[in-house]
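Dear colleague,

Please find below the structure that I am handing over to you. After it, I set out what was found, one topic at a time.

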Amino acid sequence: MTAIYRNSWIPDVFNDFLNTDNMPKANATAPAINVLETADEYIVELAAPGMHKGDFEINIDEDGDLRIKMEKKNTDNVDNKKAHYLRREFAYSHFEQTLILPDDVDKAKISAKVEDGVLTVNLPKVNKEEKKVSRHIEIG
């Protein structure tokens, strides 16, 4: 029987931190999403290799949240009718993601494009102009 030694110089609190068995795993079949923030807008990037703009539906639902739907129809476009797939793995059949939008998004100016396998959704921020108020305050 082999003896297993535990590093006693590492505090137990780090054992819980380094143990990722109990952490939730990301959905391996869902496309990866990046969210960037600039001074003027939020940018959502969604990995969508092989997808075209007709494969997406983007809208704002009744709760004011951004809903992104992606569906790729699998068509067997095999030119040679004597061939068939023995294994076929790369295809998203259906994906839907709802993102809760921050209060400072100008929902009327949201735009989206698909380019080089990435869906990019631009969420412009509301342009809040600070009004300079000059007035005399009476002391009571």
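**A buried valine in a loop**

Val105 has a relative accessible area of 6%, so this residue counts as buried, the cut-off being under 20%. Val105 belongs to the loop between β5 and β6. Please note that the model is a predicted one. Leaving out residues up to four places away in sequence, Val105 touches Tyr42, Ile110, Leu123, Pro124, Lys125 and Val126. One of these contacts, Leu123, is 18 residues away from Val105 in sequence, while the two C-alpha atoms are 6.1 Å apart in space.

**Confidence of the model**

The protein chain has an average pLDDT of 77, and 66% of its residues score at least 70. Where in the protein chain is confidence lowest, and where is it highest? The lowest mean, 49, belongs to helix α1 (residues 12-18), and the highest, 95, to β7. As a general caution, predicted coordinates should not be read in detail where pLDDT is low.

**The sheet of four strands**

One open sheet has four strands in the order β1-β2-β7-β6, with antiparallel pairing. The edges are taken by β1 (33-37) and β6 (111-115); each has a single partner strand, so one side of each is left without a neighbour in the sheet. On average, neighbouring strands of this sheet are turned by 15 degrees against each other, direction ignored.

At the β1 end of the order, β1 and β2 run antiparallel and are joined by five bridges. A hairpin of three residues connects these two strands. Within this pairing, Glu37 has Tyr42 of β2 as its bridge partner. Leu36 also lies in strand β1. Its relative accessibility is 40%, which means that Leu36 counts as partly exposed. Apart from neighbours within four places in sequence, Leu36 is in contact with Glu41, Tyr42, Ile43 and Glu45. Leu36 and Asn122 are 86 residues apart along the chain, and their C-alpha atoms are separated by 9.7 Å.

Strand β2 (residues 41-47) is also joined to strand β7 (residues 118-124), by seven bridges, and the two run antiparallel. Here Tyr42 stands opposite Leu123 in β7, and Leu46 has Leu119 of β7 as its bridge partner. Tyr42 is thus named in both pairings, with Glu37 and with Leu123.

**The sheet of three strands**

A further open sheet has three strands in the order β3-β4-β5, and its pairing is antiparallel. Which strands stand at the edges of this sheet? They are β3 (56-60) and β5 (94-99); each has a single partner strand, so one side of each is left without a neighbour in the sheet. The twist from one strand to the next averages 10 degrees. Strand β4 (residues 66-71) pairs with β5 in the antiparallel sense over six bridges, and Met70 stands opposite Phe95 in β5.

**The nonpolar core**

The largest nonpolar core has 16 residues. Those with the most contacts inside it are Leu46, Phe56, Leu66, Ile68, Met70, Val121 and Leu123. Two or more residues of this core come from each of β2, β4, β5 and β7. Val121 may serve as an example: not counting residues up to four places away in sequence, it touches Tyr42, Ile43, Val44, Ile58, Leu66, Ile68, Ile110, Ser111 and Ala112.

**Salt bridges**

Side chains of opposite charge can pair when their charged atoms come close. How many salt bridges are there in this model? The count comes to five. Asp61, Arg67 and Glu96 are linked in a network of them. In this network, the side chains of Asp61 and Arg67 meet at 3.4 Å, N to O, and those of Arg67 and Glu96 meet at 3.6 Å, N to O. The latter pair links distant parts of the chain, since Arg67 is in strand β4 and Glu96 in strand β5, 29 residues apart.

Are the members of this network buried or exposed? Asp61 is buried, with a relative accessible area of 12%. Arg67, at 24%, is partly exposed, and Glu96, at 37% relative accessibility, is also partly exposed.

Another salt bridge joins the side chains of Asp106 and Lys109, at 3.8 Å, N to O. Lys109 has a relative accessible area of 56% and is therefore exposed, the cut-off being over 50%.

With kind regards

Definitions and conventions
Residues are numbered from 1 along each chain as its sequence is written. This is a predicted model: local features need pLDDT of at least 70, side-chain atom pairs count only at pLDDT 80 or more; totals for chains, interfaces and linings use all residues. Side-chain values use heavy atoms; hydrogens and water are left out. Two strands pair if DSSP finds at least two bridges between them. Axes are lines fitted to C-alpha atoms, for helices over the stretch in contact, and angles run from 0 to 180 degrees between N-to-C directions. Buried means under 20% relative accessible area, exposed over 50%, partly exposed in between (1.4 Å probe, protein chains only). Contact means heavy atoms within 4.5 Å. pLDDT is the predictor's confidence in each residue, from 0 to 100. A nonpolar core is a set of buried Ala, Val, Leu, Ile, Met, Phe, Trp, Tyr and Cys residues joined through side-chain atoms within 4.5 Å. A salt bridge is a side-chain nitrogen of Lys or Arg within 4 Å of a carboxyl oxygen of Asp or Glu.
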